[in-house]
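Student: Hi! I've got a new model open and would like to go through it with you. Can we start on the outside and work our way in?
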Amino acid sequence: MTSSHRVAAATSVVTLVLAGAHLIGATAATADENPSVPPGTEPSAAAPVAIDSNAPGLKIPQGGTLAPVKVLDIAEVVEDLGGEQRRQETNQTVMMALQSEVLFPENSAVFNAQAAARIQAIANEINQQKATRVRVFGFTDDQGSYEHGKELSKQRADAVQTELVKTVTNPSVTFDVRGYSEDYPIADNGTEEGRKKNRRVEITFPRGAS
């Protein structure tokens with residue numbers, strides 16, 4: 001899958017101040033017990049129209065053939081200066097990845113003091129996009145046992161989902177909440193910088209109609 005990456009430096013985090021109480025609707029959290037890959041990793045771009053390889057307008061050299069059709073999903077990625085928060089948008093979805101260090105103490109699923117404001121800001125965007133399905137996936141690095149990472153990543157995803165529910169106003173939202181341990185790394189686990197990026201929680205939801 002081809003991606004067009006754009007990195008934007010930012011030195012401050014916008015804090016969302018919420019005034020008044022929000023209604024908390026009944027929301028469901030579901031997950032497949034043994035998913036093979038994280039849902040949403042498939043291309044979201046629509047399949048192209050069929051092409052007639054015999055059409056004279058193609059001007060294919062004699063003996064030449066068309067290569068197999070590929071669907072390219074263009075993604076725009078914006079990451080803050082420290083890599084603490086990463087935003088990825090495709091034509092259909094928004095994915096926000098938060099490094100675990102900005103949400104939790106080491107080896108813990110209990111929020112730190114700054115976590116709630118970050119998650120509330122994402123919940124506010126979920127409201128703006130009128131999303132009805134939200135994926136919350138936790139990941140760790142490859143340090144420690146796989147089973148411990150599986151449990152910790154799921155506990156952290158659960159904590160984020162619980163915080164999102166406090167601000168998401170649509171009572172019909174369905175949450176997919178999963179922990180993947182060290183599976184699906186986005187950086188090299190051979191360095192601390194890479195492991196830090198792999199320790200993350202991803203929140204993904206559909207983009208609203210433009």
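Tutor: Happy to. This is a predicted model. On its surface, Ile51, Leu58 and Leu66 make up a nonpolar patch, and together they have about 270 Å² of accessible area.

Student: Where does Leu66 sit?

Tutor: Leu66 belongs to the loop between strand 2 (28-30) and strand 3. Its relative accessibility is 41%, so Leu66 counts as partly exposed.

Student: Okay, on to the strands. How do strand 3 and strand 4 pair, and over how many bridges?

Tutor: Strand 3 (residues 76-79) and strand 4 (residues 85-89) are antiparallel, with four bridges between them. You can pick out Glu76, which is in strand 3; its bridge partner in strand 4 is Glu89.

Student: And what about strand 4 and strand 5, how many bridges there?

Tutor: Five bridges, and strand 4 and strand 5 (residues 93-99) also run antiparallel. Gln88, for example, has Met95 as its bridge partner in strand 5. The connection from strand 4 to strand 5 is a hairpin of three residues.

Student: Back to the Glu76 and Glu89 partners. Is Glu76 buried or partly exposed?

Tutor: Glu76 is partly exposed, because its relative accessibility is 32%. Glu89 has a relative accessible area of 19%, so that residue is buried; the cut-off for buried is under 20%.

Student: A buried Glu makes me look for a positive charge. Which residue meets the side chain of Glu89 in a salt bridge?

Tutor: That would be Arg87, with an N to O distance of 2.8 Å. In general, side chains of opposite charge can pair when their charged atoms come close. Arg87 is partly exposed, because its relative accessibility is 22%. As for Glu76 and Arg87, they are 11 residues apart along the chain, and their C-alpha atoms are separated by 8.1 Å.

Student: How many salt bridges are there?

Tutor: The count comes to 12 salt bridges. One of them joins the side chains of Arg118 and Glu84, at 3.1 Å from N to O. Arg118 is in helix 1 (residues 115-129) and Glu84 is in the loop between strand 3 and strand 4, so this pair ties together parts 34 residues apart in sequence.

Student: Which end of that pair is buried, and which is partly exposed?

Tutor: Arg118 counts as buried because its relative accessibility is 11%. Glu84 has 30% relative accessibility, so Glu84 counts as partly exposed.

Student: What about Asp141, which residue does its side chain meet in a salt bridge?

Tutor: Arg199, at 2.6 Å from N to O. This pair links distant parts of the chain, 58 residues apart: Asp141 is in the loop between strand 6 (133-139) and helix 2 (146-165), while Arg199 is in the loop between helix 3 (192-198) and strand 8 (200-206). Both Asp141 and Arg199 are buried.

Student: Which residues are linked with them in a network of salt bridges?

Tutor: The network links Asp141 and Arg199 with Glu101, Glu192 and Arg195.

Student: Let's switch to rings. How many aromatic pairs are there?

Tutor: The count is four aromatic pairs. One is Phe104 with Phe111: the ring centres are 5.1 Å apart and the planes meet at 20°, so the pair is stacked. The cut-off for stacked is planes under 30 degrees apart.

Student: Are Phe104 and Phe111 buried or partly exposed?

Tutor: Phe104 counts as buried because its relative accessibility is 3%. Phe111 has a relative accessible area of 24%, so Phe111 is partly exposed.

Student: And which pair is edge-to-face?

Tutor: Tyr180 and Tyr184 form an edge-to-face pair, with 5.5 Å from centre to centre and 80° between the planes. Tyr180 is buried, because its relative accessibility is 3%, whereas Tyr184 is partly exposed at 31%.

Student: Which cluster do those two tyrosines belong to?

Tutor: Ring pairs link Tyr180 and Tyr184 with Phe137 and Phe139 in a cluster.

Student: Last one: which charged end sits over the ring of Phe139?

Tutor: The charged end of Arg200 does, at 3.9 Å from the centre of that ring.

Note on methods:
Residues numbered from 1 in each chain as written. Predicted model: local features only at pLDDT ≥ 70, side-chain atom pairs only at ≥ 80, totals over all residues. Heavy atoms only, no water. Pairing = 2+ DSSP bridges. Helix = DSSP H or I, 4+ residues; strand = E, 2+ residues; numbered from the N terminus. Phe/Tyr/Trp six-rings, centres within 6.5 Å; stacked < 30°, edge-to-face > 60°. Buried < 20%, exposed > 50% of the residue type's maximum accessible area, 1.4 Å probe, protein only. Lys NZ or Arg CZ within 6 Å of the ring centre and 35° of its normal. Patch = residues over 30% accessible without salt bridge, like charges linked within 9 Å, V, L, I, M, F, W, Y side chains within 5 Å. Areas by Shrake-Rupley, 256 points an atom, 1.4 Å probe, with all protein chains shown as cover. Salt bridge = Lys/Arg side-chain N within 4 Å of Asp/Glu carboxyl O.
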